[in-house]
Amino acid sequence: MSPKKAHYETLAATIIKNLEKRRIEGCYCATVEEAEKTAFSYLPTGCTVSFGGSMTLDGIGMLTALRHDPNITLLDRATAKTPEDMKRIYHEALSADYYFMSTNAITVDGELVNIDGTGNRAAALIYGPEHVIIMAGMNKVAANVEEAISRVHLVASPMNCQRLSKKTPCSATGVCADCLSPDCICNQIVITRRSGILGRIKVILIGEELGY
């Protein structure tokens, strides 16, 4: 095992213990393949599933796998043909049995940090779906909440603004300007320090560098 992989495994064990204190289930998977198998093990036949925007889920093939699973009912906004369809799916997703997402950052102490534009992903994390499954690469780990927020502003938000062709200062300079631009995607900052419902949130830490 490489030093990086060994470090990820050791660090993940520490984070998982801290998640448990916050009533959040955690597990570590060394590979994407193992993580996908673990994620699907949570899904009973006939359940309703939805997801939030995530380069991690897209990049590891999880969204494709969900779209091809005949045993679930997937609420997929990619199927929307009109703005009304999109709005309906966003709202129905809040009543899904299982909601998949990643997290912008996770602290060593087990706190989840997410910064959202529309807020649908953060809303589902907070309330609605019966279960929330978070899949995150170990590159998302930060020492504390302050560092986690800085990571999002310095890495995730500028990259997402580039990806979405947003006209924001960070898209032009790579540096957060704490802007109030019309294209700003940093509209909500959500820090999840504890799950009110025991085990509702499940975090799958993956021993690879994934997403932004």
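Here are a few friendly notes on the salt bridges of this predicted model and on the surroundings of Met55.

1. **The overall count.** With a side-chain nitrogen of Lys or Arg required to lie within 4 Å of a carboxyl oxygen of Asp or Glu, the model has six salt bridges. The points below take up some of them, and then turn to Met55.

2. **Glu209 and Lys4.** This pair is a good place to begin. Glu209 forms a salt bridge with Lys4, and their closest N and O atoms are 3.3 Å apart. Lys4 belongs to helix H1 (residues 3-21), while Glu209 sits in the segment after strand E10 (201-206), so the bridge ties together parts that are 205 residues apart in sequence. As for solvent, Glu209 counts as exposed because its relative accessibility is 52%, and exposed means over 50%. Lys4 has a relative accessible area of 46%, so Lys4 is partly exposed.

3. **Asp85 and Arg88.** Here the partners share a helix. The closest N and O atoms of the Asp85 and Arg88 salt bridge are 3.8 Å apart, to be set against the 4 Å cut-off. Both residues lie in helix H5 (residues 83-93), and because they are three residues apart there, about one helical turn separates them. Asp85, at a relative accessible area of 23%, is partly exposed. Arg88 is also partly exposed, with 40% relative accessibility.

4. **A network with Glu92.** Asp85 and Arg88 are part of something wider: together with Glu92, they are linked in a network of salt bridges. If you look at the Asp85 and Arg88 pair on screen, do include Glu92 in the view.

5. **Arg121 and Asp116.** Are the partners in this salt bridge buried or exposed? Both Arg121 and Asp116 are buried, which means that each has under 20% relative accessible area. Their side chains meet with an N to O distance of 2.6 Å.

6. **Met55 and its contacts.** Met55 is found in helix H3, which covers residues 55-59. Its relative accessibility is 28%, so Met55 counts as partly exposed. Which residues does Met55 touch once its neighbours within four places in sequence are left aside? The contacts are with Asn160, Arg163, Gly211 and Tyr212.

7. **Met55 and Tyr98.** One last distance, in case you want to check it in your viewer: from C-alpha to C-alpha, Met55 and Tyr98 are 18 Å apart in space. In sequence, 43 residues separate the two.

Technical notes. Residues numbered from 1 in each chain as written. Predicted model: local features only at pLDDT ≥ 70, side-chain atom pairs only at ≥ 80, totals over all residues. Heavy atoms only, no water. Helix = DSSP H or I, 4+ residues; strand = E, 2+ residues; numbered from the N terminus. Buried < 20%, exposed > 50% of the residue type's maximum accessible area, 1.4 Å probe, protein only. Contact = heavy atoms within 4.5 Å.
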